[in-house]
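Welcome, and thank you for opening the viewer. Could you take me on a walk through this structure, one selection at a time?

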Amino acid sequence: MFKKLLMLAIVVLLVVTVMVGCGLGAMDAEDAQDDPKEDVADNDNATETDDDKKEPAEDAIVIKISNGINDKHPAYIGQKKFEEIVEEQTDGRYDIQVYHSAQLGDDIKATQDVRMGNLEMVCTSSSPLTGMSKELMVFDLPFLFASEEIADKVLDGPIGDKIGKTLEDKNLVNLAYFENGFRQLTNSKREVKTPDDVKGLKIRTMENPIHLAAWKAIGANPTPMPFSEVFTAMQQETIDGQENPIPTIYLQKFYEVQDYTSLTKHVYTPFLVLINKDLWESFSEEDQEIFINAVNEARDLERELNRQMNSDLVDELRNEGMTVTELSAEQIKAFQEKCAPVYDKFADQIGKELVDEVLEATK
Ligand code: TK8
């Protein structure tokens, strides 16, 4: 009996190994063929050669999407899903091209390009765009959302809609909210459990006034910086730490230059999926509907993958040698109390009514 079981276990193991091997191999091959860097070199002539994919027509409308994180991140995978659906459902009348790793610029630059019509779309964190819409700042209030489910409810409901629309007079239409997610603190100096431990640490923040104020209030020495510069700044030790969701910390290999992660969960950042408004309005209603359905399907996949990675990758960070510290509810509360004054400080700027409305919706 035991022998039989052992044999069965070995067979199952072999089959799984082969399946995983094939799967990864196929993915690598696809990545190599589809390397957006080559697209950049080729200029507008993307060389996509996947056989099973709908080929965009010669005269297809090219839609480039920029995002700042690498091609392992759920945001990129979600955008590739979007590409697949749109190209398939429009019979290749659109040629969607996804560019990762800030090849087309960091969030602010890429979004400015979309506004001006030099780029079609961007998937960007909301936080660096508060110069274009002060209402977006509401999402930067620390400890605003207690869970992903609450974030979904607010973002996908009338409030998220209303906030997205504030970008329309900047020539931008928000098609959906993807998830960047709950942010966690990393640094190279020491294990952080209390605001005291943060004292004097040079922490990179996004280019956002609330994040700056919150980290100052906690006791850090915050410095804003575009995302693509963060790894080098940590490597050269011009900063001690940064804060981002677990998938980013892992996929960007921040563990190579940071020793400590604290699960502070101090703020939730959404991604906006923005398209140039003039371009959007030039689409037929049918095409707009295809885009919206595609982006919603992509969003659901993106969030699902992101949440999976959020829980799976904590152990992977530990495997890479990082000390990952879970904070007790009380310890979290100490951080929350330190930065609570930013609510009052920024309420007028954001719009008091909106802040109250969002707070009400998070209950
Ligand atoms: C990537 C950024 C990133 C954000 C940051 O372009 O800047 O730290 O969390 O995801 O949007």
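Here is a short tour in several stops. Please keep in mind that this is a predicted model.

**Stop 1: a pair of strands**

Begin by selecting residues 202–205, which form strand E6, together with residues 221–224, which form strand E7. In which sense do E6 and E7 pair? They pair in the parallel sense, over four bridges. To look at one of these contacts, pick Ile203 and then Pro222 in E7, its bridge partner. Now add residues 209–218, helix H8, to your selection. The chain passes from E6 through H8 to reach E7, and this β-α-β crossover is right-handed.

**Stop 2: charged pairs**

Next, turn on the side chains. Side chains of opposite charge can pair when their charged atoms come close. How many salt bridges does the count come to? The count is 24 salt bridges.

Try Lys134 and Glu135: they form a salt bridge whose closest N and O atoms are 3.2 Å apart. Lys134 has a relative accessibility of 42%, so Lys134 counts as partly exposed.

Then select Lys189 and Asp240, whose side chains meet in a salt bridge at 3.8 Å, N to O. This pair links distant parts of the chain, 51 residues apart. Lys189 lies in the loop between strand E5 (184–187) and helix H7 (195–198), while Asp240 lies in the loop between helix H9 (230–235) and strand E8 (241–244). Is Asp240 buried or exposed? Asp240 is buried, because its relative accessible area is 11%, whereas Lys189, at 45% relative accessibility, counts as partly exposed.

**Stop 3: a network of charges**

Move on to Arg299 and Asp300, which form a salt bridge with their closest N and O atoms 3.1 Å apart. With a relative accessible area of 14%, Arg299 is buried; Asp300, at 42% relative accessibility, counts as partly exposed. Now widen the selection to Asp152, Asp156, Glu179, Arg299, Asp300, Arg303 and Arg307: salt bridges that share partners join these residues into one network.

**Stop 4: two crossing helices**

For the last stop, show residues 74–89 as helix H3 and residues 285–319 as helix H12. At what angle do the axes of H3 and H12 cross? They cross at roughly 155° and come within 8 Å. Because of that angle, H3 is roughly antiparallel to H12, the cut-off for this being over 145 degrees. Rotate the view to follow the crossing of H3 and H12, which is right-handed.

Notes. Residues are numbered from 1 along each chain as its sequence is written. This is a predicted model: local features need pLDDT of at least 70, side-chain atom pairs count only at pLDDT 80 or more; totals for chains, interfaces and linings use all residues. Side-chain values use heavy atoms; hydrogens and water are left out. Two strands pair if DSSP finds at least two bridges between them. A crossover is right-handed if, with the strands pointing away from the viewer, the path from the first strand over the helix to the second runs clockwise. A salt bridge is a side-chain nitrogen of Lys or Arg within 4 Å of a carboxyl oxygen of Asp or Glu. Buried means under 20% relative accessible area, exposed over 50%, partly exposed in between (1.4 Å probe, protein chains only). Axes are lines fitted to C-alpha atoms, for helices over the stretch in contact, and angles run from 0 to 180 degrees between N-to-C directions. Angles under 35 degrees count as roughly parallel, over 145 as roughly antiparallel, 65 to 115 as roughly perpendicular and the rest as oblique. A crossing is left-handed if the near helix is turned anticlockwise from the far one by less than a right angle, and right-handed if clockwise.
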